[in-house]
Amino acid sequence: MDQDPPQQLRQQTILAQFGELALESDDLDEILTEACRLVGEAIGTDFAKVVQLQPDGKTLLVRAGVGWKDGVIGVKTIKASDDTSEGYALKTGEPMISPDIDKETRFRYADFLIDNGAKAVANVIIIGGKDRPPFGILQVDSRVRREFSEEDIAFLRTYANLLAATVDRLRVLDEIRDASTRLRLALEAGDLGSFEMDVESGRTTGSDRYDSIFGIASSDGDWTWDALQGQVVKDDQARIADAMRAALTDGGELRVEFRIKRADVSELRWIELRGRLDDKMGGPARLVGIAADISDRKLAEQALVATNETLEAQVSDRTISLAESNAQLDAFAYTVSHDLRAPLRAMEGFARILQEDYAADLGEEGNHYATRIVGAAKRMEGLIDDLLAFSRVQRVDVAMKWTDPARAIRNAITELRAAGFDESTVSVEVAPSFPPVRADRTILAQVIGNLVLNAAKFKAPDRSAHIVIRAERRAERVRIWVEDNGIGIAPEHQARIFNVFERLHGQETYPGTGVGLAIVKSGVERMGGTYGVEADLDVGSRFWIELEAAEDGERKGVS
Ligand code: ADP
């Protein structure tokens with residue numbers, strides 16, 4: 001059926017009118033209301049409305065409309081289900097027409113619709129933007145039963161699509177507003193200025209903060225890239241020019257730090273510029289970016305560098321004075337070993353002469369004292385020996401090499417036997433082989449020697465001593481254990497026994513100097529290792545040291 005020309009013309013005019021409004025207005029309610037008014041005019045119905053799909057995806061709210069009684073717009077809702085005409089149009093995307101509501105069998109219409117006198121209805125979908133749910137339904141309502149021609153429906157579809165594009169434009173506009181608010185807040189929080197430069201002319205305009213960073217008014221129009229470069233100190237000019245050239249030719253990010261001399265402040269300021277070329281929209285190419293005054297950060301960095309240098313100087317001073325006091329200690333150790341030892345030997349020697357040649361004259365008491373003099377001199381000699389060994393382990397140059405711990409263990413056992421611990425009282429069980437370690441062989445021998453000697457010495461009185469020496473590989477390290485069934489150590493003493501002169505017993509029960517474990521600690525530390533003990537009182541002690549494992553490839557000319 002041909003539409004009469006005036007009607008068609010009216011619809012065309014209304015599309016044009018609505019198109020204009022859609023471009024001009026940013027007010028969604030105004031646009032939707034006007035859309036309802038114009039569509040009623042175009043189709044010749046009494047009233048119309050837009051129902052908007054709610055975030056739940058199930059409810060449609062009457063968002064705008066014309067010709068309705070109070071209490072409908074912004075209030076009434078319709079279910080987006082298959083048994084409502086609106087729900088069905090939404091689901092299928094096809095227009096739903098009811099020429100006579102009273103005779104409608106497919107759908108139920110909302111009470112408020114009937115109450116408002118609607119007799120005939122046409123629903124068309126207002127689609128959403130890309131990948132978004134539909135916005136809702138445009139509905140034209142008539143108070144008289146009527147058909148909607150094909151042309152009417154075609155018009156309604158075009159109209160609803162125009163409306164959809166408009167709604168989407170507003171949504172995007174809204175998102176842009178949100179994004180620029182966030183951007184503004186971020187710029188403010190970071191104390192950053194923003195700018196935009198016309199690449200061709202170099203003319204630059206910036207935010208207020210940008211202007212204050214450079215101490216200018218870029219909005220005057222005479223602030224250009226050349227003017228900016230004029231402020232940059234000579235040494236930094238090539239750097240900033242290169243960075244800008246690279247950003248403009250490769251389209252990469254501009255990121256450069258430089259110093260400027262501002263007209264209004266005497267000291268130099270450090271500035272960081274970041275930007276990116278923007279030429280996508282056609283038109284003149286622009287560089288947009290941000291600027292920051294990073295002087296404070298630079299000052300802090302410089303202060304840090306200065307502090308580090310001072311620290312390094314201090315460390316090297318201390319190292320020198322440490323070396324000096326080590327040298328003094330060396331001298332002291334030498335004195336102790338030679339000067340102190342000679343009179344000690346003399347004392348011991350004379351006491352022995354007394355014992356041997358004047359035993360009869362001395363009487364019992366005299367002999368007793370002579371024996372005690374010899375004993376004390378012997379102990380002091382042991383103390384001197386141990387102290388010298390301790391000072392040596394702290395001072396010798398460490399030569400780390402591929403080392404088989406078995407050799408140090410064999411030596412330790414030989415020394416043990418030589419010291420009078422024979423197999424009848426002290427048995428030693430040694431693992432058949434040991435993983436090689438990186439160690440200084442002399443120090444390792446000293447360390448293991450001390451551990452083995454202690455294991456034998458701190459024997460429980462009621463049982464013969466049994467020592468187990470074994471090792472285990474732990475990732476990149478090897479742990480060597482020296483375990484005994486001796487008197488054990490109470491937990492509260494286990495840490496301090498590694499300090500020099502710490503002993504838990506009197507000389508009568510267990511003689512010693514309290515230096516052995518200090519040598520273990522110091523020696524292991526000098527080899528970059530760790531040490532420790534697990535012990536139970538009256539059950540036994542398990543001392544361990546841990547050193548870096550050596551690989552067979554490192555073994556060079558080792559027997
Ligand atoms: P010293 O053996 O000369 O006393 P060390 O430094 O070697 O000195 O040991 C310090 C103290 O740690 C010892 O006096 C002893 O009390 C305790 N100790 C060391 N090894 C053992 C061990 N295997 N069993 C029990 N106690 C030990």
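Which residue forms a salt bridge with Lys 298, and how far apart are the closest N and O atoms? I began my notes with this, keeping in mind that the model is a predicted one.

**Entry: Lys 298 and its partner.** I looked up the side chain of Lys 298 and found that Glu 257 is the residue with which Lys 298 forms a salt bridge, the closest N and O atoms being 2.8 Å apart. I then checked where the two residues sit, and the pair links distant parts of the chain, since Lys 298 belongs to helix α9 (residues 295-357) and Glu 257 to strand β9 (residues 254-260), 41 residues apart. For the surroundings I read off a relative accessibility of 12% for Lys 298, which therefore counts as buried, because the cut-off for buried is under 20%. Glu 257, at 24% relative accessibility, counts as partly exposed.

**Entry: Glu 483 and Arg 470.** Next I turned to another pair, and noted that the side chains of Arg 470 and Glu 483 meet in a salt bridge at 2.9 Å, N to O. Here too the pair links distant parts of the chain, with Arg 470 in strand β15 (residues 465-474) and Glu 483 in strand β16 (residues 477-484), 13 residues apart. Is Glu 483 buried or exposed? I found Glu 483 to be buried, with a relative accessible area of 13%, whereas Arg 470 is partly exposed, with a relative accessible area of 30%.

**Entry: Arg 474 and Glu 472.** I also looked at the side chains of Glu 472 and Arg 474, which meet in a salt bridge at 3.0 Å, N to O. Both came out as partly exposed: Arg 474 has 37% relative accessibility, and Glu 472 has a relative accessible area of 24%.

**Entry: a network and a count.** Which residues are joined into one network by salt bridges that share partners? I listed Arg 255, Glu 257, Glu 272, Arg 274, Arg 297, Lys 298 and Glu 301, so that the pair I started from, Lys 298 and Glu 257, is part of this network. For the model as a whole, I noted that the count comes to 55 salt bridges.

**Entry: a nonpolar patch.** Lastly I left the charged side chains and looked for nonpolar ones at the surface, where Phe 350, Ile 353, Leu 354 and Tyr 358 make a patch of about 390 Å². I followed up one of them, Ile 353, and found that Ile 353 lies in helix α9, the helix that also holds Lys 298. Ile 353 counts as partly exposed, at 37% relative accessibility.

How values were computed
Residues numbered from 1 in each chain as written. Predicted model: local features only at pLDDT ≥ 70, side-chain atom pairs only at ≥ 80, totals over all residues. Heavy atoms only, no water. Salt bridge = Lys/Arg side-chain N within 4 Å of Asp/Glu carboxyl O. Helix = DSSP H or I, 4+ residues; strand = E, 2+ residues; numbered from the N terminus. Buried < 20%, exposed > 50% of the residue type's maximum accessible area, 1.4 Å probe, protein only. Patch = residues over 30% accessible without salt bridge, like charges linked within 9 Å, V, L, I, M, F, W, Y side chains within 5 Å. Areas by Shrake-Rupley, 256 points an atom, 1.4 Å probe, with all protein chains shown as cover.
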